[in-house]
Amino acid sequence: MLIERSELADVVCFLPETRHEDERGWFVRTLDVTVAERAGVDARTFLQDSQSRSRQGVLRGMHGRAGAGEAKLVRCARGAVLDVLVDARPSAPSFGRSAAFRLDDETGRHLYVPPGFLHGFQVLTPEADVCYRIDREHDPAEDLAVRYDDPDLALPWPLPVTAISARDAAAGTWQDLVQRLDGAPGH
């Protein structure tokens with residue numbers, strides 16, 4: 001696996017180098033703990049593996065976790081998505097900055113999302129399956145959300161949004177989250 005660094009502090013992409021193909025189809029390694037550790041990611045801490053399936057234009061996000069946050073390893077197992085991150089760590093050099101990554105079933109690129117980031121994606125193909133490895137159990141009391149269309153973030157969604165959850169549509173603004181973070185202990 002190749003390791004690609006992002007312009008956002010601590011965000012890493014893993015790209016499988018070798019895809020073994022034959023008359024049956026193909027095989028690729030989707031996680032290599034040794035490679036992850038070389039990139040500074042402790043892949044042994046992931047506790048939960050989840051998968052979503054969505055239709056083209058569906059947008060899921062922007063989500064994060066309060067408290068200790070949540071690390072994720074995200075990949076698109078079927079189809080393609082535009083995966084978007086926003087650094088919500090007030091002490092980070094890339095605080096408030098965003099980056100977009102195409103994840104698809106052809107390249108097999110994986111995205112490591114460190115704790116303290118907002119995460120969301122939009123489906124680019126007729127359907128897409130997104131797989132997440134997460135390092136903490138879900139606690140709904142720690143959920144954070146910011147509107148996908150917040151003008152302060154100006155996130156680069158490439159398609160019209162065809163569906164979004166009621167919770168995501170009702171999410172607060174980036175400025176609401178910044179004020180909440182400013183009031184958090186240790187900030």
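**Close-ups of a predicted model**

**View 1. Two rings on neighbouring-numbered strands, F121 and Y132.** F121 is tucked away in this predicted model, as a buried residue with a relative accessible area of just 1%. Y132 is buried too, with a relative accessible area of 12%. These two residues, F121 and Y132, make a tilted aromatic pair, with 6.4 Å from centre to centre and 45° between the planes. F121 belongs to strand 11 (residues 117-123) and Y132 to strand 12 (residues 127-134), so the pair links parts of the chain that are 11 residues apart.**View 2. F95 meets W174.** A search of the whole structure turns up two aromatic pairs. In one of them, F95 and W174 sit tilted to each other, 5.5 Å from centre to centre and with 40° between their planes. Where do F95 and W174 lie? F95 is in the loop between strand 8 (80-87) and strand 9 (98-104), while W174 is in helix 3 (residues 174-182), so this pair ties together parts that are 79 residues apart in sequence. F95 is partly exposed, at 28% relative accessible area, whereas W174 is buried, at 6%.

**View 3. A charge over a ring, R19 and W26.** Here's another way to meet an aromatic ring: the charged end of R19 sits over the ring of W26. The distance to the ring centre is 4.1 Å.

**View 4. The hairpin of strand 1 and strand 2.** Strand 1 (residues 2-5) pairs with strand 2 (residues 12-15) in the antiparallel sense, over four bridges. Look across from E4 and you'll find C13 of strand 2 standing opposite. Six residues lie between the two strands of this hairpin, and D10 in the turn has a positive phi of about 75°.

**View 5. An open sheet of six strands.** Read across the sheet and the strands come in the order 1-2-10-7-12-5, with antiparallel pairing. Which strands stand at the edges? Strand 1 and strand 5 (48-55) do, each with a single partner strand, so one side of each has no neighbour in the sheet. From one strand to the next, the twist averages 25°.

**View 6. The edge with strand 5 and its partner, strand 12.** Strand 5 and strand 12 run antiparallel to each other and pair over eight bridges. One spot to pick out is R55, which stands opposite E127 in strand 12.

Methods
Residues are numbered from 1 along each chain as its sequence is written. This is a predicted model: local features need pLDDT of at least 70, side-chain atom pairs count only at pLDDT 80 or more; totals for chains, interfaces and linings use all residues. Side-chain values use heavy atoms; hydrogens and water are left out. Rings of Phe, Tyr and Trp (its six-membered ring) pair if their centres lie within 6.5 Å; planes under 30 degrees apart count as stacked, over 60 as edge-to-face and the rest as tilted. Buried means under 20% relative accessible area, exposed over 50%, partly exposed in between (1.4 Å probe, protein chains only). A charge sits over a ring if NZ of Lys or CZ of Arg is within 6 Å of the ring centre and within 35 degrees of the ring normal. Two strands pair if DSSP finds at least two bridges between them. Axes are lines fitted to C-alpha atoms, for helices over the stretch in contact, and angles run from 0 to 180 degrees between N-to-C directions.
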